[in-house]
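Reader: I am new to this structure and would like to be led through it in a few questions. Could you show it to me before we begin?

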Amino acid sequence: MAMLLYTIILLIPVILAEKCLHPPPSPNYSNSLYSGRWYEVGKYQTLGGSLFQQGTVCTIATYDPYDLEEGGGDIGYSSRQKTPSGDFVNATGTLTVVDEPGHFLQELFSWFCWSFSSTTNSCLG
C-alpha cells in the first residue's frame, strides 16, 4: 500500500505539468489555411499525448473544419506502424474551439481519454 501511495505522489506533478502549457495560437491563424492534409516531418512525443502514434511513421493529419470562420471540425490521423509499409494506425476525432480560433480541444478515444488538449497533448477530465 505504501508503494502505491508513493507512486501516486510521484505521478501527480507529472500529470499536472502536462496541463499547464497553453501557448497562444499564431496571430495569423486561419481555419482556411489550417484545413486540409498535413504531413508530419518530425515528432516530439510527450508523456501524455498521442499514445496511438508511438512507434509510427509517415503520419498524415487531415482537418476538415465545420465552418471556416468559426472553426472546429473533424480531425483524422493516419500513420504506419514502424515502417512506411507497416500496418495502418488510424484515429479520428473532433476539434472544438476553446476560446479563440486556433486553440482547440481535441476529442479522441472516448474509451481512453474523454477530452484531449491539442495545445498540451494531454488528457483532460
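Reader: Is Tyr 34 buried, exposed or partly exposed?

Author: This is a predicted model, in which local features need pLDDT of at least 70, side-chain atom pairs count only at pLDDT 80 or more, and totals for chains, interfaces and linings use all residues. Residues are numbered from 1 along each chain as its sequence is written, and side-chain values use heavy atoms, with hydrogens and water left out. Buried means under 20% relative accessible area and exposed over 50%, with partly exposed in between (1.4 Å probe, protein chains only). Tyr 34 has a relative accessibility of 27%, so this residue counts as partly exposed.

Reader: Which parts does the pair of Tyr 34 and Phe 104 tie together?

Author: Rings of Phe, Tyr and Trp (its six-membered ring) pair if their centres lie within 6.5 Å, and planes under 30 degrees apart count as stacked, over 60 as edge-to-face and the rest as tilted. Tyr 34 and Phe 104 are a stacked pair, at 6.1 Å centre to centre and 20° between the planes. Helices (H or I, at least four residues) and strands (E, at least two) are DSSP runs, numbered from the N terminus. Because the two residues lie in different elements, the pair ties together parts 70 residues apart in sequence, namely helix α2 (residues 31-34) and strand β5 (residues 104-107).

Reader: Which residue stands opposite Arg 80 in β4?

Author: Two strands pair if DSSP finds at least two bridges between them, and strand β3 (residues 73-81) pairs with strand β4 (residues 88-97) in the antiparallel sense over eight bridges. Arg 80 also lies over the face of a ring, at 3.6 Å from the ring centre, where a charge sits over a ring if NZ of Lys or CZ of Arg is within 6 Å of the ring centre and within 35 degrees of the ring normal. The residue opposite Arg 80 in β4 is Phe 88.

Reader: What is the bridge partner of Thr 94 in β5?

Author: β4 and β5 pair in the antiparallel sense over four bridges. Their hairpin has six residues between the strands, and Gly 102 takes a positive phi near 100° there. In β5, the partner of Thr 94 is Glu 107.

Reader: In which strand is confidence lowest?

Author: pLDDT is the predictor's confidence in each residue, from 0 to 100, and its mean over the protein is 75. Where pLDDT is low, the predicted coordinates should not be read in detail. Confidence is highest in strand β1 (residues 36-39), at a mean of 94, and lowest, at 41, in strand β6 (residues 115-117).
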